[in-house]
Amino acid sequence: MAKQYTEKMHKEDEQKAEVLAALSHPLRLRMALELYKNGPRNVKGFVELLGVSQPAVSQHLTRMRLSGVVEMKKEGTKVIYSVEDPRIKQLLDVLYD
């Protein structure tokens with residue numbers, strides 16, 4: 001017999017959908033892949049790598065941070081972003097096999 005769809009299951013599905021939505025933009029997907037494959041980076045590093053404006057990079061990183069795709073830590077005055085969640089890494093591996 002199938003399990004009843006519970007509030008907990010709904011919350012989990014919402015969280016997973018949020019991650020997928022955050023990765024649904026080509027630039028955000030590339031940024032997440034770069035962080036996973038090449039390690040932590042700050043906003044300036046992405047501006048130089050991708051040739052995108054600083055405000056655009058910051059907005060994309062914020063979207064990914066709020067959805068749990070990337071993590072942020074401060075090192076002095078710099079803010080460094082990284083992909084730490086093994087589930088995100090596994091998803092990127094599947095996408096870029």
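Is K73 buried, partly exposed or exposed, and what is its relative accessible area? Select K73 to start: it is partly exposed, with a relative accessible area of 49%. Keep in mind as you go that this is a predicted model.

**Stop 1: K73 and E75**

With K73 still selected, add E75. These two residues form a salt bridge, and their closest N and O atoms are 3.6 Å apart. E75 is partly exposed as well, at 43% relative accessibility.

**Stop 2: E18 and R63**

Now move to E18 and show the side chain of R63 with it. Here is another salt bridge, with an N to O distance of 2.3 Å. Colour the helices before you go on: E18 sits in helix 1 (residues 7-22) and R63 in helix 4 (residues 54-67), so this pair ties together parts of the chain that are 45 residues apart in sequence. Switch on a surface and look at each partner in turn. E18 has 34% relative accessibility and counts as partly exposed, while R63, at 28%, is also partly exposed.

**Stop 3: R41 and E34**

Next, select R41 and E34. Their side chains meet in a salt bridge of 3.8 Å, N to O. Is E34 buried or exposed? E34 counts as buried, because its relative accessibility of 14% falls under the 20% cut-off.

**Before you close the viewer**

What links the three stops? Side chains of opposite charge can pair when their charged atoms come close. The count for this model comes to 6 salt bridges, among them K73 with E75, E18 with R63 and R41 with E34.

Definitions and conventions
Residues numbered from 1 in each chain as written. Predicted model: local features only at pLDDT ≥ 70, side-chain atom pairs only at ≥ 80, totals over all residues. Heavy atoms only, no water. Salt bridge = Lys/Arg side-chain N within 4 Å of Asp/Glu carboxyl O. Helix = DSSP H or I, 4+ residues; strand = E, 2+ residues; numbered from the N terminus. Buried < 20%, exposed > 50% of the residue type's maximum accessible area, 1.4 Å probe, protein only.
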